[in-house]
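Me: I'd like a close look at one part of this chain. Please start there and then work outward to what surrounds it.

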Amino acid sequence: MLNEALSLKNEIKGILLYGFGGHARSVADVALKNGVSSLIFYDENAQQNEKFQGFAILPELPLVLPEGWFAFPAAGDAERRQSQFQDINKRGWPVNNIISSTATLGVLSEIGAGSFVGHHAHIGPKSQIGNGCIINTAAIVEHDCRIGNFTHISVNCTIAGKTTIGNCCFLGAASTAIDSITIGNNITLGAGGCFISDTLESGVYVGLPAKRIK
Ligand SMILES: CC(C)(COP(=O)(O)OP(=O)(O)OC[C@H]1O[C@@H](n2cnc3c(N)ncnc32)[C@H](O)[C@@H]1OP(=O)(O)O)[C@@H](O)C(=O)NCCC(=O)NCCS
């Protein structure tokens with residue numbers, strides 16, 4: 001739940017971020033601006049002694065997570081993020097969500113564990129976001145929407161009210177979905193595309209109105 005996550009802010013001693021790609025660095029930026037003072041990145045391809053803003057990037061996971069820390073799946077790719085999320089759960093480590101203090105959150109909105117809400121994003125009232133999602137910088141998910149697990153709503157996307165989007169979807173930068181429609185699972189929408197009707201077949205879609213190309 002969103003409000004719980006925000007209230008935990010002052011008790012968080014540090015965050016172990018799985019991954020060190022572009023998305024992980026965006027997550028780190030939000031965490032640091034929210035007042036989190038310690039981070040560790042885990043990336044199996046880390047170079048020796050590599051650091052980001054003074055924080056270590058480790059090629060192996062630590063055996064234990066320090067008291068007061070949580071782990072966070074920070075891969076941009078949905079499949080990798082899902083396996084990171086599963087690994088965190090398997091180890092019994094706490095996982096929280098990370099929400100920018102510049103994001104706005106509607107009343108009765110809910111955000112699942114391990115989900116990220118970037119700077120200046122907006123989640124409308126009564127919208128539900130699943131686990132391991134990315135609601136990226138300046139994206140808008142309006143009122144009464146349902147977003148499944150491990151779905152990425154990219155920078156500057158707009159999802160209009162009462163729309164449902166399934167699991168493991170990727171909606172590219174500045175793409176849109178009109179109100180009151182249903183989008184299935186494992187669906188990609190190219191940058192700038194627009195869904196204007198129910199779309200259930202998995203695949204890659206582009207354009208306005210969005211057409212399936214793969
Ligand atoms: C849609 C997308 C995933 C397709 O990538 P791909 O599978 O590598 O596809 P290709 O580049 O081979 O393009 C296939 C065709 O779709 C067209 N196409 C690709 N992306 C398009 C887009 N966003 N809008 C319209 N047409 C697009 C290409 O021109 C090409 O057309 P052609 O066959 O007539 O030449 C990708 O182009 C895209 O838009 N990604 C979004 C990236 C993004 O927004 N990232 C934000 C991260 S926060």
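In the hairpin of β3 and β4, which residue takes a positive phi, and how many residues lie between the strands?

Reply: Gln 53 takes the positive phi, near 55°. Two residues lie between the strands of this hairpin. Keep in mind that this is a predicted model.

Start with the strands themselves. β3 covers residues 51-52 and pairs with β4 in the antiparallel sense, over two bridges. Lys 51 stands opposite Ala 56 in β4. β4 covers residues 55-58 and has another pairing, with β2 (residues 39-42). That pairing is parallel and also rests on two bridges. Here Tyr 42 has Leu 58 of β4 as its bridge partner. So β4 pairs in the antiparallel sense with β3 and in the parallel sense with β2. Both senses are normal options, because strands of a sheet pair through backbone hydrogen bonds, either parallel or antiparallel.

Now the wider setting. The domain assignment gives domain 1 (2-96) and domain 2 (99-207). Their centres, taken over C-alpha atoms, are separated by 22 Å. The contact takes 17 residues from domain 1 and 19 residues from domain 2. On the domain 1 side, the elements that give two or more residues are α1 (2-7), α2, β5 (69-73) and α3 (78-90). α2 gives the most, with five residues. By class, this side has ten nonpolar, five polar and two charged residues.

Helix α2 deserves its own look. It runs over residues 22-33, twelve in number. From first C-alpha to last, α2 reaches 17 Å, close to the 16 Å expected. Its buried residues are His 23, Ala 24, Ser 26, Val 27, Ala 28, Val 30 and Ala 31. After the helix comes Gly 35, with a positive phi near 95°.

Next, the core. The largest nonpolar core has 59 residues. Those with the most contacts inside it are Ile 15, Leu 17, Val 27, Phe 72, Ile 135 and Ile 153. α2 gives the most to this core, with five residues. The core also draws at least three residues from each of domain 1 and domain 2. A general tendency applies here: in soluble globular proteins, nonpolar side chains tend to be buried together.

Follow Ile 153. Beyond its neighbours within four places in sequence, Ile 153 is in contact with Ile 134, Ile 135, Asn 136, Ala 139, Val 141, Ile 147, Ile 159 and Leu 171. One of these is polar: Asn 136. Asn 136 is found in the loop between β12 (134-135) and β13 (140-141). Why does a loop residue such as Asn 136 count as buried? Because it has 22 C-beta neighbours inside 10 Å, and 20 or more is the cut-off for buried. Its own contacts, again beyond four places in sequence, are Gly 118, Ala 121, His 152, Ile 153, Ser 154 and Val 155. Ala 210 is 74 residues along the chain from Asn 136, and their C-alpha atoms are separated by 21 Å.

Last, a second set of strands. Five of them form an open sheet, ordered β8-β11-β14-β17-β20, with parallel pairing. β8 (110-111) and β20 (182-183) are the edge strands, each pairing on one side only. β17 (residues 164-165) pairs with β20 in the parallel sense, over two bridges. There, Thr 164 has Thr 182 of β20 as its bridge partner.

Notes:
Residues are numbered from 1 along each chain as its sequence is written. This is a predicted model: local features need pLDDT of at least 70, side-chain atom pairs count only at pLDDT 80 or more; totals for chains, interfaces and linings use all residues. Helices (H or I, at least four residues) and strands (E, at least two) are DSSP runs, numbered from the N terminus. The expected span of a helix is 1.5 Å times one less than its number of residues. A residue is buried if 20 or more other C-beta atoms lie within 10 Å of its own, exposed if 12 or fewer, and partly exposed in between; C-beta atoms are placed from the backbone. Two residues are in contact if their C-beta atoms, placed from the backbone, lie within 7 Å. Two strands pair if DSSP finds at least two bridges between them. A nonpolar core is a set of buried Ala, Val, Leu, Ile, Met, Phe, Trp, Tyr and Cys residues joined through C-beta atoms within 7 Å. Domain bounds come from an automatic or database domain assignment.
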